[in-house]
Amino acid sequence: MNDAYIVEMRHITKKFPGIVANDDISLHIRRGEIFALLGENGAGKSTLMSMLFGMYEPDAGEIVVRGKPVKLSSSNDAAALNIGMVHQHFKLVQNYTVTENIVLGVEPEKRLFGCIPYVDTKNAVEQIRNLSKSYGLEVDPNAIIEQLPVSTQQRVEILKMLYRDAEILIFDEPTAVLTPQEIEYLLQIMQDLRKSGKTIILITHKLEEIKKIADRCAILLHGKLVQILDVAATTTREMASLMVGRDISPIIEKAPPNFGDVVLDVRHITVHNEDAFDVVKDVSFAVRANEIFAIAGVSGNGQVELTDAICGLTKITSGTVMLSGVDITQHSIRQRIEAGIAYTPEDRHRFGVVLDFTLQDNLALKTYYKSPFSRNGILNQETFEACSASLTQKFDIRSAQGGRTITRSMSGGNQQKAIVAREIARDAPLLIFVQPTRGLDIGAIDTIHRQILAERDKGKAILLISLELEEIMALSDTIGVMYNGELLKVADAATLSTNEVGKYMMGVRT
Ligand SMILES: Nc1ncnc2c1ncn2[C@@H]1O[C@H](COP(=O)(O)OP(=O)(O)O)[C@@H](O)[C@H]1O
Ligand SMILES: [Mg+2]
């Protein structure tokens, strides 16, 4: 027995109908390390760890825990081996208390008069208080789960593992639901857990988290193990490239700006919300051909209302919107689309795609009523198919059955690539992107960024609204910062540092 390894997974294969989720994966996890499992959505990470937690059995291969081959047929088998897991979607009973959830299934028993069994809640509460104190996992043992914020519910899940004396702790994408501050805190807790002798397996697709706390990292791609590497000796760029299976280089080869004529000219726009409150205050700016004009700002400072006003989704209270010299302030949404606005909205499910349509129908959603998609009212299926084939290839849109895939079944990243593809393909002079990469993994982000830059180089005017400062710094030629409904600052992107933009976002005026 090799004592260094607490868990060994040998040649594990797991198939689901139509897909090999894990294909001959072997990995060894050292006692007391933070071992990260990195991969894009659908790479097979959750499946692999669900087998270590006894939720599925492998079709082939062997799991060895502390030197002994084991058969894990249920999560009870895993718990007996001191293996715990915090799932992507928590598994707490909503109307139970924190304590009831933590002790569920392992209730401490006491006997009244030496014979009548009852649950010793007092003792449980005490134990939970102690655990919660020693690991910095603050939570009220008597609170009802459904009244707790997500981050606290997650602490309950962690306490649940610790209460069962788990020594091998699996976290499945634990930071996906947390704010940046909560993420910092959780990463610290994981490091503390390692210090106290626990072994941690961290599933994630976020490279910075791995870089910060993990010792080693296994990378999965399409169900296969690509590599296991030493985190300290690897750059995030190398990890990113291995994760998506191609080189991901930072976008530095951006061509110098060569601005053309003004395409979008926004003059003194003011927008009221339902309560007649100014949400956009006298905003003016222009976007030229060949320019990426990015609007930065903390969420809720009027960016969405401003784009809605430009696209015609919201009424403008005063001011004008000119598109290629034409006043479109009074145009309907469709008239604006026809006049040359392509729009990738923030809420892709409500405004971006019809989930129950096929991919190819969604790709033609804004052009289906025109030639060559439709002639004399008859839709031309071949055009739909050809258009879909060319866009899926160019934008790397992955789906199970090509153009005939029902959009709902596709991953969020691929749905978003489809929306961006459709909007870009319309060949409009003005492209508006609101949070085009929100929630996407690094491969999809890279594809979309490159396409936006390519459009700029083709001479399109681009208005980009993003909450991601990194995205704004990477892509923009000109940056406008919105604060409290005002366009506080507009400047050449090359003259602004990330720090300065951050300051304007907080409302600092200089
Ligand atoms: N219970 C299941 N039934 C059928 N297919 C599944 C099931 N669980 C996962 N899959 C498929 O297996 C692949 C890997 O999924 P998963 O392990 O959840 O990936 P990850 O956690 O890396 O995002 C995906 O294509 C997914 O659709
Ligand atoms: Mg998963």
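How are helix 5 and helix 6 oriented to each other: roughly parallel or roughly perpendicular? In this predicted model, helix 5 spans residues 150–163 and helix 6 spans residues 180–195. The two helices pack at an angle of about 10 degrees, and their axes are 12 Å apart. Angles under 35 degrees count as roughly parallel, and helix 5 and helix 6 are therefore roughly parallel to each other.

The contact between these helices involves residues from both. Helix 5 contributes Ser 151, Gln 154, Arg 155, Ile 158 and Leu 162, which meet Glu 182, Tyr 185, Leu 186 and Leu 193 of helix 6. Sorted by class, this contact of helix 5 with helix 6 consists of five nonpolar, two polar and two charged residues.

A second site in the model surrounds ligand 1. The residues around ligand 1 include Phe 16, Ile 19, Ala 21, Glu 40 and Asn 41, as well as Lys 45, Ser 46, Thr 47 and Tyr 56. By class, the shell around ligand 1 has five nonpolar, five polar and two charged residues. Strand 2 (19–30) and helix 1 (45–52) each provide at least two residues of this shell; helix 1 gives the most, with three residues.

Several polar atoms of the protein lie beside ligand 1 at short range. An oxygen atom of ligand 1 is 2.7 Å from a polar backbone atom of Gly 42, and a polar side-chain atom of Thr 47 is 2.5 Å from an oxygen atom of ligand 1. For Tyr 56, an N or O atom in the side chain is 3.3 Å from a nitrogen atom of ligand 1. Ligand 1 taken alone exposes 560 Å², of which the protein buries 64%.

Methods:
Residues numbered from 1 in each chain as written. Chains lettered and ligands numbered in written order. Predicted model: local features only at pLDDT ≥ 70, side-chain atom pairs only at ≥ 80, totals over all residues. Heavy atoms only, no water. Axes fitted to C-alpha atoms, helices over the stretch in contact; angles between N-to-C directions. Helix = DSSP H or I, 4+ residues; strand = E, 2+ residues; numbered from the N terminus. Parallel < 35°, antiparallel > 145°, perpendicular 65-115°, else oblique. Contact = heavy atoms within 4.5 Å. Nonpolar A, V, L, I, M, F, W, Y, C, P; charged D, E, K, R; others polar. Near = heavy atom within 4 Å. Polar contact = N/O pair within 3.5 Å; in protein donor to acceptor, adjacent residues only side chain to side chain. Areas by Shrake-Rupley, 256 points an atom, 1.4 Å probe, with all protein chains shown as cover.
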